[in-house]
Structure formats: C-alpha cells, structure tokens
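User: Could you walk me through this structure and tell me how the labels follow from the numbers?
Analyst: Happy to; let's have it in front of us.

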Amino acid sequence: MRTVVPVTERTEETPSTVTLRFPFEPAAAPGQFVMVWVPGADELPMSLSYTVGRSKGITVKTMGDTSARIQAIRPGDLLGIRGPYGNRFDLSARRLLVVAGGSGAAVLAPAAELARAGGAEVAVALGAVRASELLFADRFRAMGARVDVATDDGSEGAKGYVTAVVERQLRAERFDAVWTCGPEVMMRKVVDLARPRGIPVYCSLERHMKCALGMCDACAFGPYHVCVDGPVFGSDRLAAVADFGRFHRDPSGRRVPF
Amino acid sequence: MADLAVRLGGIPLRNPLLLASGIWGESGDSLAGAWAAGAGGVITKSIGSESRRGYPNPTVETYDRWGLLNAMGLPNPGIEEYPREIAAARAQGATVIGSVFGSDAGEFARLARRIATTGVVAVELNLSCPHAEGYGTEVGSDPADVERIVRAVTSEVTLPVIAKITPNTSDPAGLAAAAERGGAAAVSAINTLRGLAIDIRLRRPVLAHGLGGLSGAAIKPVGLACVWQIFERVKVPVIGVGGISSAEDVLEYVMAGARAVEIGTAVTFDGIGVFGRIARDLSGRLDELGFARLEDAVGTAHPARGRPAGAPAGNGPTEA
C-alpha cells in the first residue's frame with residue numbers, strides 16, 4: 001500500500017549522506033526496506049535507518065541523478081512510500097560483529113540498536129573513504145557498541161579497507177554472528193574471512209529493483225529475488241549464488257560485473 | 001488422478017500451467033525456479049533487438065489482491081545477450097517458450113529466427129503490450145498487421161508460433177482469426193487491459209509512464225469472454241490468460257475453450273508455489289467433475305461441446 005507523506009526532518013549526516021524522517025505507521029523491522037517515490041524523478045528501494053515508532057527514516061547517499069533530487073528535498077516536501085518489504089536481521093546472537101562500509105551503516109545502526117537493547121555485545125567495524133564520511137559513528141558509540149574505524153585515506157582510524165580491521169577482530173574475539181552492509185565486494189570478503197571460523201555472516205544486499213513484489217525479476221539473484229527473499233542473506237544461502245560479490249543486473253536485466 | 005498433460009499446437013506440456021511472459025523471466029535461474037515449482041512451461045520476458053532499460057519507476061501499482069497495474073516498458077537484455085538465460089533455464093530441465101517483440105514484421109521475423117535457435121519449444125509474439133510506443137498493441141490492433149507479422153514469422157521458423165492477442169480493441173477474436181490465417185499454431189489471450197492510476201495528493205499519474213496495463217483477478221471475466229469468442233472463431237488451440245489464481249479459474253478458462261493457461265500476477269500475490277497448488281487442485285477437481293483428462297474438458301461450456309443434460313440450455317454469452 002502506497003502512502004504519500006511529508007518529510008518532517010532533514011539531517012546531513014556526512015557531506016554525501018542525508019537522513020530524511022517522515023511519518024509512516026506500518027510496523028517495520030531493521031533490515032527491511034521501503035520503496036521511496038520522489039515524484040517526477042524515480043522510485044528507489046531504501047533500507048530504513050529508523051524503524052521504531054511512527055517516525056521512520058531513510059539515510060541516503062546523494063550520488064546519481066535521483067539521489068541529487070533526494071539531496072534537494074526539504075521538510076514539507078512529499079514522498080511516496082510503500083512497504084515495508086523484505087526480511088529482517090535475526091536478533092538472537094549474543095556477541096555480534098557489525099561491519100559497515102560507507103552508507104551500509106544506514107541499515108545496520110537500527111539493527112544494532114535493537115540487539116544492544118536485547119543485551120547483545122556489539123563490536124562495530126566502520127569504514128569510509130575519509131573521516132568526514134564515517135556514517136553513524138556517534139550513533140554506534142551512543143548505543144554502547146565498541147567501534148573500530150578504517151578510512152581509505154587514513155584520516156581516522158586504520159588506513160585502508162575495513163576488512164583488515166575485521167580480520168583483526170575475528171582473530172582477537174569470538175562472535176556468534178556477523179552483520180554486514182556495504183559494497184558487495186567488501187561483503188564477500190567478510191564472508192570469506194568468517195567462513196573458516198564457522199561464524200555465520202548476514203549480508204544486506206542491494207539490487208536494482210522495480211516492483212519490489214517478487215514479480216518483475218529485476219532483482220533476480222541466483223534462485224532468489226532480493227526484494228522478497230532478502231535483502232538480508234545469510235552466508236549459507238549466499239554459498240549457492242555464484243553472482244554474490246561478482247555480478248549484478250543492470251535495469252535491462254543484463255548481468256554485469258561489479 | 002486426471003491427466004493434466006496437454007498438446008498445444010504440437011508442443012507436449014506436462015500440465016497446462018504456463019508462466020506468463022514478463023513474470024520471473026529476466027533470468028534463467030528464475031525461469032528454472034518457476035519450472036521447479038510446477039509450471040508446465042515457462043515463457044520468457046519479451047525480448048527485443050537491443051537491450052532496453054524500460055521505464056523509470058514507479059512501474060507498478062497494486063490494488064489489494066484483485067489487481068496490478070504495471071508499465072515496465074519492455075525491459076530486456078536484448079536478443080544477443082538473452083540466449084544465455086534460456087540456456088541456463090534449459091540446463092535445469094525447463095520447457096521454455098521464447099517471447100519476442102518487434103516494431104514490424106521484419107523485426108519480429110529476425111527475432112523469432114534467432115530465438116528459435118536457443119532450444120525453445122515455441123515462440124510467442126507479443127502483439128499486445130498496451131503501453132509501449134511502437135510495439136505491442138500499436139502493431140497488434142489491426143488484423144491485417146497481425147496476419148502479416150505472423151506470416152512473416154511462420155515463413156521463417158519451423159517451431160510453433162503463438163500470437164498473444166490484445167483485449168484493447170473492439171474485436172479480439174478477429175485478431176485471433178488473423179493470426180490463424182498467418183499460420184499461428186496457437187493464440188494466447190489476453191494481455192493486460194490499458195489502465196491508469198492517479199495520486200490525488202500529488203495530482204499526477206502514479207506510474208512514471210502514465211498509462212499501464214491491468215492484470216489480476218479483476219480482468220478474469222474479460223479474459224474469459226475473449227477466450228470464449230476466440231474459441232468459436234478459430235480452430236487452433238487457445239491459451240487463456242488473465243486473473244488465474246486457482247484450479248477453478250483454470251477450469252473456467254478451459255471450459256471457455258482454453259487448452260492451456262498463463263499465470264502471472266498470482267505469482268505476485270501468492271508466490272511461485274501457486275503453480276504446484278493449482279496443479280494438485282486441478283487434478284482433484286477434474287476427478288470430481290468426471291473428466292479423465294484435462295483435454296476432455298476443453299470448450300465444454302459451449303453449447304455444442306457437451307454441456308451436461310439439465311444444464312441451462314442455449315444461452316451462451318451474447319453481446320448486448
């Protein structure tokens with residue numbers, strides 16, 4: 001069911017990331033996404049970065065044509081919202097490693113908040129191109145998570161990819177599960193790092209989407225459709241999908257490498 | 001258990017339930033998934049000469065469980081790229097029917113010739129997409145065009161050719177007759193009905209393209225009427241399409257004259273398990289109704305075709 005709602009709050013999280021809050025009644029769980037219609041531009045799948053209560057939110061990277069339109073949205077502007085769609089993060093792990101690359105923190109922060117509220121210990125590996133682009137570092141710290149940072153340029157934390165931090169964390173501590181969202185090549189690396197230790201990894205995937213109803217096949221992913229079978233996939237299901245971290249489909253349905 | 005196997009214009013099908021074109025048809029794994037879920041055959045997304053992104057979103061609007069309006073805009077990877085997906089589906093055992101769309105007879109013939117080399121069992125011609133400029137309904141609404149296009153294809157390929165007919169015209173049966181004259185082995189009816197949704201708060205059409213096509217339960221009576229009239233008009237087998245989500249829906253279409261059916265929107269509302277569920281229910285319903293084979297039930301609601309004694313006589317549908 002689609003509803004049209006006004007944006008109530010706009011927050012620039014980083015130079016390239018903006019959070020939009022809006023009233024949206026349906027119950028939602030971390031991991032789920034909504035289809036966000038920017039009238040006159042496009043409708044895109046976006047994970048909810050605020051899932052609790054009546055005021056939901058999305059946190060969006062402002063790159064690309066439609067994202068530029070999103071960047072220009074101000075409180076009072078109208079958005080079409082349908083959903084929430086898809087599955088959710090499983091909150092049963094007691095010792096959790098959260099690996100966020102770039103805007104991937106948008107979906108992981110609300111999930112980690114609920115895990116913390118349920119008493120889980122949460123360690124976070126947070127990566128970005130530079131210090132100013134680290135998303136939700138304060139939000140993770142505020143919930144009582146331990147945060148380790150990596151930046152490509154070394155302007156904060158370890159210099160280089162966040163997966164080097166993950167490797168260290170996995171060696172130093174025991175975790176029941178890993179949650180990750182970010183570039184798919186990064187997520188694949190995280191799965192590869194956790195597999196020999198027998199730790200399940202749950203990845204929030206992104207694919208081009210059109211219907212979000214499991215019909216149009218735009219988000220076909222091996223035997224799955226990311227919109228209804230995901231967007232959160234455990235490493236057990238990912239093992240059967242050769243495309244994971246390697247290929248996605250363009251809007252025409254053509255398989256293209258990452 | 002009643003026998004669900006049918007022959008459709010020479011094509012043997014394990015059951016009459018086909019995955020409709022446009023649903024789950026972009027990837028070979030998805031086609032194979034529909035086959036594994038129990039479809040009797042799977043029809044590819046309509047494939048054109050070049051890769052096409054389709055229209056921007058929003059591309060769909062839903063109405064509870066009774067309808068779905070869409071304007072995808074014929075997205076497809078193009079005829080050079082797509083055969084790999086057909087190969088993937090066939091490698092997993094699927095019976096695949098290739099759907100193509102063109103802007104004229106020559107383009108249809110070229111596409112059909114190419115897709116016929118990929119191991120598909122038949123070619124379906126999309127003469128009926130209601131919202132693509134220069135394609136679909138725009139080339140499939142005039143019987144003379146339909147006959148010319150179908151003839152161009154049947155003179156190029158030896159595989160059975162299925163013409164998918166539009167309901168967005170005054171005489172769908174006349175289009176079916178034209179397809180038969182052109183050499184079609186079967187006709188499928190109907191494609192979606194042209195439709196529109198408006199968001200009153202935004203004061204604009206919901207779909208980015210504006211006009212779309214309506215599918216789902218809402219259009220079943222329209223599809224049934226078209227199949228009924230086509231059955232009375234042509235000798236080739238008819239594939240019924242439109243709003244099917246149960247064995248009872250299938251039997252309505254079969255008794256109206258369909259030898260097979262296509263299922264699409266029900267996958268959206270019920271999931272891909274709809275194929276297995278309908279196949280199981282269909283056998284049971286045929287047993288109860290006293291049909292040993294599904295084929296025995298084809299057209300039986302028509303007055304001349306074995307309507308049982310005591311049933312209301314002599315009043316088949318008439319046009320008001």
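User: Which elements do the buried residues of α10(B) pack against?
Analyst: Bear in mind that this is a predicted model. In it, the buried residues of α10(B) pack against β3, α1, α8, β16 and α9 of chain B. The residues in question are Val274(B), Phe275(B), Ile278(B), Ala279(B), Leu282(B) and Leu286(B).

User: What puts the buried residues on the same side of α10(B)?
Analyst: They cover an arc of only 125° around the axis, and therefore they share one side of α10(B). The general background helps here: an α-helix has 3.6 residues a turn, so residues three or four places apart point the same way. On the face turned away from the buried side, α10(B) carries the exposed residues Gly284(B), Asp287(B) and Glu288(B).

User: How do you know what span to expect of α10(B), and what does the helix reach?
Analyst: Helix α10(B) covers residues 274-289, which is 16 residues. At 1.5 Å a residue, 22 Å is expected, and the helix reaches 22 Å from its first C-alpha to its last, close to that expectation. Just after α10(B), Gly290(B) takes a positive phi of about 85°.

User: Why is Ala212(A) called buried or exposed?
Analyst: Ala212(A) has 26 other C-beta atoms within 10 Å. The cut-off for buried is 20 or more, so Ala212(A) is buried. Ala212(A) lies in the loop between β13 and β14 of chain A, and has a positive phi of about 65° although it is not a glycine.

User: And what about Arg203(B): buried or exposed?
Analyst: Arg203(B) has 8 C-beta neighbours inside 10 Å. Exposed means 12 or fewer, so Arg203(B) counts as exposed. Arg203(B) also has a positive phi, of about 55°, although it is not a glycine; its place is the loop between β12 and β13 of chain B.

User: What makes β4 and β7 of chain B a pair?
Analyst: Pairing takes at least two bridges, and these strands have two, in the parallel sense. Val42(B) stands opposite Val96(B) in β7(B). Both strands belong to a barrel that eight strands of chain B close in the order β3-β4-β7-β8-β9-β10-β15-β16, with parallel pairing. The twist averages 25° from one strand to the next.

User: Where do the cis peptide bonds at Pro231(A) and Pro58(B) lie?
Analyst: Pro231(A) is in the loop between α6 and β16 of chain A; its cis bond to Gly230(A) has an omega of about 10°. Pro58(B) lies in the loop between β4 and β5 of chain B, and is joined to Asn57(B) by a cis bond with omega about -5°.

Conventions
Residues are numbered from 1 along each chain as its sequence is written. Chains are lettered from A and ligands numbered from 1 in the order in which they are written. This is a predicted model: local features need pLDDT of at least 70, side-chain atom pairs count only at pLDDT 80 or more; totals for chains, interfaces and linings use all residues. Helices (H or I, at least four residues) and strands (E, at least two) are DSSP runs, numbered from the N terminus. Axes are lines fitted to C-alpha atoms, for helices over the stretch in contact, and angles run from 0 to 180 degrees between N-to-C directions. The expected span of a helix is 1.5 Å times one less than its number of residues. The arc is that of the directions from the helix axis to the C-beta atoms. Two residues are in contact if their C-beta atoms, placed from the backbone, lie within 7 Å.
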